[in-house]
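Good morning, everyone. Please have the sequence and the model open in front of you while I talk about how the two chains are arranged and where the DNA lies.

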2 protein chains.
Amino acid sequence: MPMTIKDIAQRSGYAVGTVSRVLNGHPDVSDAARERILAVVAETGFRPNDTARHLKQRGSREVAIIVKGAGNLLFARILEEAQRLLKADHRPAAVYYLDENDDEVEQALRVCRELKPLGFLFLGGNRDNFKRSFEHVTLPSVLVATRADTLGFPNLSSVSTDDVEGASQAVGCLLDAGHRQVGIIGGESCVAAPVMGCNTSQLRLMGCQQACTQRGVPFDPQRQSAIARYSMEGGYEATVTLLEQFPGLTAIFAMSDVMAIGAIRALHDRGIRVPQDVSVVGYDGIEQAGYCVPRLATVCQDWEQLARRGVEILLRQVEGGAAVHEIVPFRLSLGESVGRPKENTH
Amino acid sequence: MPMTIKDIAQRSGYAVGTVSRVLNGHPDVSDAARERILAVVAETGFRPNDTARHLKQRGSREVAIIVKGAGNLLFARILEEAQRLLKADHRPAAVYYLDENDDEVEQALRVCRELKPLGFLFLGGNRDNFKRSFEHVTLPSVLVATRADTLGFPNLSSVSTDDVEGASQAVGCLLDAGHRQVGIIGGESCVAAPVMGCNTSQLRLMGCQQACTQRGVPFDPQRQSAIARYSMEGGYEATVTLLEQFPGLTAIFAMSDVMAIGAIRALHDRGIRVPQDVSVVGYDGIEQAGYCVPRLATVCQDWEQLARRGVEILLRQVEGGAAVHEIVPFRLSLGESVGRPKENTH
DNA sequence: CTGAAAGCGCTTACAG
DNA sequence: CTGAAAGCGCTTACAG
């Protein structure tokens, strides 16, 4: 039912090839033809069918950005900045938002066939998905905010924050404030990992243990940590669990800010004040952390640099450069949710 | 570079037509052919090119859902429920996430050409975009969470909350608690609209005025309201402005929960306690409202019903039904952010 | 049940 | 500068 390039050819009196050429800004077209055809296009409101275009084209000049988790505020920030940088470089970008649980590599494979982009920028990603099928995506790619060095794909770079060190400093600041009973809430494998691997949660757990070890403070993951889904509700529930299984806690490290927000609410609902009774530290540095009451202490990932290095590394790889794995610095923000522990009441 | 159906044909020894048929679950294929072809598909990891498929197909059986604002938490909820309902009805759905400022109708036009869906579910939308180009989308459509009755398109239904009444009750609950100096923060046209039209912000402003009029309380939009972008930061800044231009205020109605969260933080930063010194009411009922400290009083939009009626109305329209415009009830949640005004200090 | 062929809307050498 | 033609990866009548 919609117009096609054929209709435009007919109405303008030119051949479809010529119409295609003016639509694509090809130079070898007479002004007369260009004018006439553009006029017809304007008056009919014709829009070319992009998918047909891509079907024929050898490959596009676009960078594909795949965002894992449409509601992830950290990724939203990184995305915005990456788009700005690409635009400034006159690089078109195509953004694909995925749900938390969608398979980003499957999506990349689809985009490979259909858009044939220059390369991929993955904002977040699941190791299992990459292991399972990334070998089939042969285009230059960069995984942002998650480590990919141990994956070992020759066309996959990564730029991320040092999760071990970030978590270590987060917990460290609690210990240094005098806390000895620190509870942890975090992702699936933060408690008893079958293999101590390199999932983000596992790395952050290692950071916790490192901070404790360095200061000679004992830490028992089984007792002192609880699993939370990546949501406020998840943080709330995990905190309730944690309070039961580890009642002496005076501080909580949440592996993401959204979980931390749920944790604060759970504490508040039990009459436990933050930070007077229990301190809380989050992770990510999303905008919302700065609007909480109390303002959330958190490990701020440097979204600006994650975006910039992600784009730079990708473009270098497109020019033939090899994959690299970069770590960008983070910043610990103390906020208002950390205090000293109350006098020991034992 | 990726495999095509032709490669599969070659390797399996069958013609492309037969391959296509087994890929699409067509019944008229021998078991032998099906088995052999599926085996080749499995071992090669072949995936058909969806866009080529759609190019040829007459039209798909999918419902297209266009989400305006990838980070909008209310829409995220509605989306989840709509997907669940469609799945239960064995209706495939294709979701398109857009940025806040992208043109959702342009996107629908693109999808019209490329996917040829059964119909559209718009989660949020801008009146101007619809006015400009919706006439070209001739497929059954439902606009969810925004009114479309005054737009007058014969194929565009809507299901939304009564914005006038919602805002009226929000402000009403402040007035009934004894507040007389109520400030408003909200969208672009919430202050001095050139034409008092039917933008969401304008409708909510009308609700405020109605609540005041009913109770004989004077209300001066020029002085008592400030414009805010749809974000926490926007709410924060508008609150700062409002405090200067209307220093006597004892309560604030924010036209969205995210703005309200920014408002609470702005108040807190000035040593103004919520709700002891100033009360705050939001709008939307996003999950986050229930995790704030204090829990946010807000107008809860019924996402479950918005989703359900949206889907039902769309499917009815696909069967040939006429467009309808429905209002679903909301619920005022008092939270913890509303109190009585302090004794008058004048 | 299967193959050969036309065609979806576009682009792009190839002639002229 | 422009047209006619081939072809991108798939589907679908049409024969057999």
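**Two chains and a DNA strand**

What you see is a predicted model, and I would like to start with its symmetry: chain A is superposed on chain B by a rotation of 180° with 0.0 Å of shift along its axis, and the RMSD is 0.0 Å. This is the relation of a two-fold axis. If you want to find that axis on your screen, look for A:Gly71, whose C-alpha, at 2.4 Å, comes closest to the rotation axis of the residues of chain A.

Let us turn to the contact between the chains, to which chain A gives 31 residues and chain B gives 31 residues. On the side of chain A that touches chain B, two or more residues come from each of α4, α5 (73-88), α6 (104-114) and α12 (257-269), and the residues of that side divide into 14 nonpolar, 10 polar and seven charged. Because 97% of the interface residues of chain A are also interface residues in chain B, the copies meet through the same surface.

Now to the DNA. Which residues are closest to DNA strand C? Of the 28 residues that surround the strand, the closest are A:Thr4, A:Ile5, A:Gly17, A:Ser20 and B:Gly17. At least two residues of this surface are supplied by each of α2 (16-23) and α4 (50-56) in chain A, and by each of α2 (16-23), α3 (31-44) and α4 (50-56) in chain B, while the largest share, five residues, comes from α2 of chain A. By class, the surface near DNA strand C holds 13 nonpolar, nine polar and six charged residues.

Note on methods. Residues numbered from 1 in each chain as written. Chains lettered and ligands numbered in written order. Predicted model: local features only at pLDDT ≥ 70, side-chain atom pairs only at ≥ 80, totals over all residues. Near = placed C-beta within 6 Å. Helix = DSSP H or I, 4+ residues; strand = E, 2+ residues; numbered from the N terminus. Nonpolar A, V, L, I, M, F, W, Y, C, P; charged D, E, K, R; others polar. Least-squares fit on C-alpha atoms with pLDDT ≥ 70 in both. Contact = placed C-beta atoms within 7 Å.
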